[in-house]
Amino acid sequence: MAEAWYEGLPDDALKTETDKIYEKAEATIREGLSRGLDFDTACAAIGVEDEELRKGIIDDMLKVLIGEEHFTKNVPLDEMAKKLKVPEARLKEAKAAMLEDVKNSSIKAFYKSLGHGNA
């Protein structure tokens, strides 16, 4: 059988530079949290120069943690706030943003399924 064109490529060959930055930042944040750092201190170590990208990574990482802890493991937001040492209001805002993202994605998928393209 012939070798596929992608065999032998590095695992990250098809990832964008932004994907690689996100993955490295996520690993850095998780490592800091595992060492007992608070969320913002762990985020300070990511070393991303682009401020907009940096803010996006931090916002997304907070959403990922909410998904993993609050939605999957049923950890209350007040407990997460204590563990991460962030205001509970910040977690509530991130949760609301997550739900808004899901709503918007669902609406777009619905219209796309009807053949309306970009809704």
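Biologist: What makes α3 and α4 oblique to each other?

Modeller: Their angle does. The two helices pack at about 125°. Angles under 35 degrees count as roughly parallel, over 145 as roughly antiparallel, 65 to 115 as roughly perpendicular, and the rest as oblique. About 125° belongs to the rest, so α3 and α4 are oblique to each other.

Biologist: What kind of model is this, and how are its residues numbered?

Modeller: This is a predicted model, in which local features need pLDDT of at least 70 and side-chain atom pairs count only at pLDDT 80 or more, while totals for chains, interfaces and linings use all residues. Residues are numbered from 1 along each chain as its sequence is written, and side-chain values use heavy atoms, with hydrogens and water left out.

Biologist: What counts as a helix here, and how many are there?

Modeller: A helix is a DSSP run of H or I with at least four residues; a strand is a run of E with at least two. Numbering starts at the N terminus. By that rule the protein has five helices and zero strands. Their order is α-α-α-α-α.

Biologist: How is the packing of two helices described?

Modeller: By the angle between their axes and the distance between the axes. Each axis is a line fitted to C-alpha atoms, for helices over the stretch in contact, and angles run from 0 to 180 degrees between N-to-C directions. For α3 and α4 the axes are 11 Å apart.

Biologist: What is the hand of the crossing of α3 and α4?

Modeller: Right-handed. A crossing is right-handed if the near helix is turned clockwise from the far one by less than a right angle, and left-handed if anticlockwise. The contact (heavy atoms within 4.5 Å) is made by L62, L65, I66, E69 and H70 of α3 and L77, M80 and L84 of α4. By class, that gives six nonpolar, one polar and one charged residues. Ala, Val, Leu, Ile, Met, Phe, Trp, Tyr, Cys and Pro count as nonpolar, Asp, Glu, Lys and Arg as charged, and the others, Gly among them, as polar.

Biologist: Why are α3 and α5 called roughly perpendicular?

Modeller: Their axes cross at roughly 90°. That value lies in the perpendicular range, so the label follows. The axes come within 9 Å. Among the contact residues are I58, L62 and F71 of α3 and R90, L91 and D101 of α5. The contact has nine nonpolar, two polar and four charged residues.

Biologist: And what makes α4 oblique to α5?

Modeller: These two pack at about 120°, with axes 8 Å apart. That angle makes α4 oblique to α5. The crossing is right-handed. L77, D78, M80, A81 and L84 of α4 meet E88, L91, K92 and K95 of α5. These residues divide into five nonpolar, no polar and four charged.

Biologist: How do you know whether α5 spans what its number of residues predicts?

Modeller: The expected span is 1.5 Å times one less than the number of residues. Helix α5, residues 88-113, has 26 residues and an expected span of 38 Å. It reaches 37 Å from its first C-alpha to its last, close to that value. G115, which follows α5, has a positive phi near 85°.

Biologist: Is H70 buried or exposed?

Modeller: Buried means under 20% relative accessible area, exposed over 50%, and partly exposed in between (1.4 Å probe, protein chains only). H70, in helix α3, stands at 16%, so it counts as buried. Beyond four places in sequence, its contacts include V75, P76 and K95. In α5, L91, A94 and M98 are buried; they pack against α3 and α4. Over the 119 residues of the protein, 26% count as buried.

Biologist: Why is D38 called buried when it sits in a loop?

Modeller: The label rests on area. D38 has a relative accessible area of 19%, so it is buried. Its loop lies between α1 and α2. Leaving out residues up to four places away, D38 touches L33, L84 and K85.

Biologist: What makes the phi of N74 and K85 worth a look?

Modeller: Most residues other than glycine have a negative phi. N74 has a positive phi near 60°, and K85 has one of about 60°. N74 is in the loop between α3 and α4. At 61% relative accessibility, N74 counts as exposed. K85, between α4 and α5, is exposed at 56%.
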